[in-house]
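User: Please take a close look at one part of this chain. Then place it within the whole model, and explain the terms as you go.

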Amino acid sequence: MKSLIILLLFTFGLACHSVKETPNENNSKETNEQPVNTTATPGQFGIPGRITFKAKVKEIYVEKKNICGVEKSNVAQVEVLKIMERGSGITNLPTEKEVILVSFLLPPKNLGSEMIIQAKAKESLCPTASKTYFTINSYKILE
C-alpha cells in the first residue's frame, strides 16, 4: 500500500513538474533542454529518497553519537540553511534553520565548525520507523 502511495505521489509530482516546464510554443528559438537547477521549487524532484541541501556545521563529534537509538560514527550537528533539491519519498524533509544530526558515509575531511557546506544525503528510517535521519554521501565546502 505504501509503495502505491509513493508511486502515485511520484507520478503526480512528475506530471506537475512537466506542466511547469512546458516550452513556450510562441518562441520558436526555445529548445527542450532544461537549465541546471540550483534551487528547489515545490514539486521539483531529484533522486528518490535523497536531498541536496546547504548547511552550516555546528559541531563535529569525534566519538560515536546516538542517532534515533543507533550508535553512529562520523556524526555532525548541522543547521539547514536551504533545501536545494529533494527527491520523492522524503518522509521528514528538514526545514530551513532546523538543527539536525547527520551521519557521514565516510569520515569528513577538512571540515570544521561554522563552515558552510552543500551536501547530498540519503534519508533512512530509524529502527522504530517513526523517525528518520540523513546520511551524507558527498559534500563540498562552500565557505
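Analyst: **A residue in a strand, and what surrounds it**

Val-99 is in contact with Gln-77, Val-78 and Glu-79, leaving aside its neighbours within four places in sequence. Contact here means heavy atoms within 4.5 Å. Keep in mind that this is a predicted model: local features need pLDDT of at least 70, side-chain atom pairs count only at pLDDT 80 or more, and totals for chains, interfaces and linings use all residues. Residues are numbered from 1 along each chain as its sequence is written, and side-chain values use heavy atoms, with hydrogens and water left out.

Val-99 sits in strand β5. Helices (H or I, at least four residues) and strands (E, at least two) are DSSP runs, numbered from the N terminus. Val-99 counts as partly exposed because its relative accessible area is 43%. The scale is simple: buried is under 20% relative accessible area, exposed is over 50%, and partly exposed is in between (1.4 Å probe, protein chains only). The C-alpha atoms of Val-99 and Leu-81 are separated by 9.4 Å, although the two are 18 residues apart along the chain.

Now look at the loop between β4 and β5, where Lys-97 is found. Lys-97 is exposed, because its relative accessible area is 60%. Lys-97 has a positive phi of about 75°, yet it is not a glycine.

Step back to the whole chain. It has one helix and seven strands. From the N terminus on, the order is α-β-β-β-β-β-β-β. Of the 143 residues, 29% count as buried. Take the contacts with a separation of 6 or more: residues 24 or more positions apart account for 66% of them.

How far can the model be trusted? The predictor's confidence in each residue is pLDDT, from 0 to 100. The chain averages 78, and 69% of the residues score at least 70. Among the elements, helix α1 (residues 2-20) has the lowest mean pLDDT, 46, and strand β1 (residues 50-61) the highest, 97. Over residues 14-43, pLDDT stays under 50, and the model has 20 contacts beyond four places in sequence for that stretch.

Val-78, one of the contacts of Val-99, leads to the inside of the model. The largest nonpolar core has 18 residues; Ile-51, Phe-53, Val-78, Val-102, Phe-134 and Ile-136 touch the most other members. Strands β1, β4 (75-86), β5 (99-104), β6 (116-125) and β7 each supply at least two residues of this core. A nonpolar core is a set of buried Ala, Val, Leu, Ile, Met, Phe, Trp, Tyr and Cys residues joined through side-chain atoms within 4.5 Å.

Phe-53 has contacts with Val-78, Lys-82, Ile-83, Met-84, Ile-117, Gln-118, Ala-119, Ala-121 and Ile-136, leaving aside neighbours within four places in sequence. Apart from this core lies another, of five residues, among them Tyr-61, Ile-67, Val-75 and Cys-126. Ile-83 lies in strand β4. Ile-83 counts as buried because its relative accessibility is 15%. Between the C-alpha atoms of Ile-83 and Gln-118, 35 residues apart along the chain, there are 9.5 Å.

Thr-135 belongs to strand β7 (residues 132-141). Thr-135 is buried, because its relative accessible area is 14%. Not counting residues up to four places away in sequence, Thr-135 touches Ser-103, Phe-104, Leu-105, Lys-120, Ala-121, Lys-122 and Ser-124.

The structure holds one disulfide. It joins Cys-68 to Cys-126, with S to S at 2.0 Å; the cut-off for a disulfide is a pair of cysteine sulfur atoms within 2.5 Å. The torsion about the S-S bond of Cys-68 and Cys-126 is about -95°, so the disulfide is left-handed. Cys-68 lies in the loop between β2 (65-67) and β3 (70-72), and Cys-126 in the loop between β6 and β7, so the pair ties together parts that are 58 residues apart in sequence. Cys-68 is partly exposed, at 26% relative accessibility, while Cys-126 is buried, at 4%. Cys-68 also has a positive phi of about 45° without being a glycine.
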